[in-house]
Amino acid sequence: MSLNKPHLKVHNVQDVQKENVQNMAILETLQILSELLWFFIKLIYYWAECLYLKICPLPPVSVEGEIVLITGTGHGIGRELAKIYSSKGATVVGWDINKQTNEETIKEINESGGRPKAYSFQCDITDRESVLATAKEVRARVGDVTILINNAGIMPCHPLDQHTPNEIETIIKVNLLAHFWLIEAFLPSMKRNNHGHIVSMSSMAGMIGFPNLVPYCASKYAVRGYMEALHEELRLGNPNNKIELTSICPYMVDTGLCKRPKIKFERLMALLSPKDVAEQILKAQTTRQKEITLPGYLASLTLFGRMLPNNASLDLKDTFEAFVESDL
Ligand SMILES: NC(=O)c1ccc[n+]([C@@H]2O[C@H](COP(=O)([O-])OP(=O)(O)OC[C@H]3O[C@@H](n4cnc5c(N)ncnc54)[C@H](O)[C@@H]3O)[C@@H](O)[C@H]2O)c1
Ligand SMILES: *[C@@H]1O[C@H](CO)[C@@H](O)[C@H](O)[C@H]1NC(C)=O
Ligand SMILES: *[C@@H]1O[C@H](CO)[C@@H](O)[C@H](O)[C@H]1NC(C)=O
């Protein structure tokens with residue numbers, strides 16, 4: 001009998017614990033329900049706010065006096081970005097692996113008068129040591145970079161089994177890993193001043209998979225992934241965070257990067273001009289967009305495609321056939 005007593009007591013404690021767990025579960029459920037209710041009330045407000053901003057958009061912030069570092073300024077979109085940011089009064093720092101074409105871009109800016117001087121630096125952005133050393137030089141000669149545009153990229157284009165291992169590594173190094181070295185170099189001063197903006201080039205190939213571009217698509221999807229994650233880290237790390245991030249996902253642009261485009265509706269879905277793309281990037285950055293597609297309607301079209309049954313989404317892809325043929 002006396003042996004039973006402690007046993008009974010333990011049993012009671014277990015009962016009480018079980019009851020506690022049940023009570024806590026009910027409390028948590030109530031909490032979730034009330035927070036969801038509050039969320040839906042706020043959702044109505046956010047929708048109204050969105051609609052209001054569509055009608056009366058916030059004015060773009062000025063880039064005058066900002067120091068903007070752009071990678072890949074020797075050609076294509078990077079070159080147009082350098083010219084357009086400089087024309088808006090920003091001090092442009094252009095990096096490229098190609099010294100000559102980069103200096104051409106910067107010289108054109110220097111000679112076009114009435115603009116801040118621009119600076120060219122030769123750097124292979126896949127080389128972390130070189131990125132950090134060149135960043136040091138930029139800090140000494142020009143100052144703290146306040147806008148970083150990760151633009152340089154490469155796009156070898158052929159079936160996966162014809163990509164060499166070396167090529168696959170280089171695609172990931174230029175299109176993805178290099179962004180980390182540049183962020184390592186320039187995010188700390190942005191954090192110190194709680195002021196800055198990082199723009200990274202993804203692509204429509206970072207939203208949709210394309211043949212001949214398996215490693216490229218992997219690199220461009222990854223860019224959107226790290227940008228979204230970094231955004232969360234900055235947002236949760238500092239409630240007063242003022243560092244902005246923007247990912248850009250353009251359709252094919254007429255820079256020569258897409259060597260053999262194959263487009264069914266050639267007129268309606270013509271290649272974009274690098275100048276227009278640069279203008280849209282400036283607009284997205286200065287109006288603090290988180291992620292844009294170019295043209296903008298592709299964002300909705302992609303989202304729509306994702307909601308469809310798989311075969312319908314493949315049908316949609318075939319209907320708007322646009323891809324790049326092998327460059328081999
Ligand atoms: N052109 C398109 O159709 C298109 C579409 C979507 C996204 N994008 C992306 O836009 C960005 C710019 O593309 P683009 O068409 O202007 O390219 P581009 O080939 O015209 O110019 C790229 C520049 O980057 C430089 N570069 C390449 N590797 C480098 C390295 N390791 N270090 C430093 N500089 C390097 C090149 O020398 C060149 O000047 C890329 O990230 C590209 O993936 C392009
Ligand atoms: C552009 O001007 C800056 C500032 O005067 C100078 O340092 C740089 O060498 C010039 N670059 C080119 C390519 O002309
Ligand atoms: C999708 O299409 C393929 C090829 O036409 C067919 O074999 C398959 O059964 C379809 N899948 C579904 C889920 O309908």
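1. Let me start with Ile-243 and its surroundings in this predicted model. Leaving aside neighbours within four places in sequence, Ile-243 is in contact with Leu-187, Met-190, Lys-191, Asn-194, His-195, Gly-196 and Leu-234. Ile-243 belongs to strand E6, which covers residues 243-250. Its relative accessible area is 4%, and because anything under 20% counts as buried, Ile-243 is buried. If you would like a distance to check on screen, the C-alpha atoms of Ile-243 and Arg-288 are separated by 10.0 Å, with these positions 45 residues apart along the chain.

2. Strand E1 (residues 67-71) deserves a look next. Five of its five residues are buried, so E1 is largely enclosed by the rest of the structure. Cover is found on both faces: Ile-67, Leu-69 and Thr-71 are buried on one side, and Val-68 and Ile-70 are buried on the other. That split is easy to follow, because side chains in a regular strand alternate between the two faces of the sheet.

3. What does E1 pair with? Strand E2 (residues 91-96) is joined to E1 by five bridges, and the two run parallel. Within that pairing, Leu-69 has Val-93 in E2 as its bridge partner. E1 is also joined to E4 by three bridges, again in parallel. Here Ile-70 stands opposite Ile-149 in E4.

4. Strand E4 (residues 147-150) is likewise covered on both faces. Ile-147 and Ile-149 are buried on one side, while Leu-148 and Asn-150 are buried on the other. Besides its bridges to E1, E4 pairs with strand E5 (residues 196-201) in the parallel sense over four bridges. Leu-148 has Ile-198 as its bridge partner in E5.

5. Now to ligand 1, which 27 residues surround. The closest are His-75, Asp-96, Tyr-216, Val-253 and Thr-255. Which part of Thr-255 comes within 2.5 Å of an oxygen atom of ligand 1? An N or O atom in the Thr-255 side chain does. The backbone takes part elsewhere: a polar backbone atom of Asn-151 is 2.7 Å from an oxygen atom of ligand 1, and a backbone N or O atom of Ile-97 lies 3.2 Å from a nitrogen atom of ligand 1. On its own ligand 1 has 840 Å² of accessible area, of which the protein covers 92%.

6. Ligand 2 has its own shell, made up of Glu-103, Ile-106, Lys-107, Asn-110, Lys-117, Ala-118, Tyr-119 and Arg-141. Taken alone, this ligand exposes 360 Å², and the protein buries 60% of that. By residue class, the shell divides into three nonpolar, one polar and four charged residues. Helix H3 (residues 99-111) supplies the largest share, four residues. For a specific pair, look at Asn-110: a polar atom of its side chain lies 2.4 Å from an oxygen atom of ligand 2.

7. Helix H3 also holds Thr-105. Is Thr-105 buried or exposed? Its relative accessible area is 0%, so Thr-105 is buried. Not counting residues up to four places away in sequence, Thr-105 touches Thr-73, Gly-74, Arg-79 and Ala-82. With one of these, Arg-79, there is a side-chain polar contact of 2.8 Å.

8. Ser-219 makes a nice companion case, this time in helix H6 (residues 214-237). Ser-219 is buried as well, with a relative accessible area of 0%. Its contacts, leaving aside neighbours within four places in sequence, are Ile-171, Ile-172, Asn-175 and Leu-176.

9. Finally, please take a look at Cys-258, in the loop between E6 and strand E7 (261-263). The relative accessibility of Cys-258 is 12%, so this loop residue counts as buried. Cys-258 touches Met-155, Met-252 and Val-324, not counting residues up to four places away in sequence. How far is Cys-258 from Leu-182 in space? The C-alpha to C-alpha distance is 25 Å, for two residues 76 apart in sequence.

Key: Residues are numbered from 1 along each chain as its sequence is written. Chains are lettered from A and ligands numbered from 1 in the order in which they are written. This is a predicted model: local features need pLDDT of at least 70, side-chain atom pairs count only at pLDDT 80 or more; totals for chains, interfaces and linings use all residues. Side-chain values use heavy atoms; hydrogens and water are left out. Buried means under 20% relative accessible area, exposed over 50%, partly exposed in between (1.4 Å probe, protein chains only). Contact means heavy atoms within 4.5 Å. A residue is near a molecule or strand if one of its heavy atoms lies within 4 Å of it. A polar contact is a pair of N or O atoms within 3.5 Å; within protein, one must be able to donate a hydrogen and the other to accept it, and residues adjacent in sequence count only if both atoms are side-chain atoms. Accessible areas come from the Shrake-Rupley method with a 1.4 Å probe; for residues, only the protein chains shown count as cover. Ala, Val, Leu, Ile, Met, Phe, Trp, Tyr, Cys and Pro count as nonpolar, Asp, Glu, Lys and Arg as charged, and the others, Gly among them, as polar. Two strands pair if DSSP finds at least two bridges between them.
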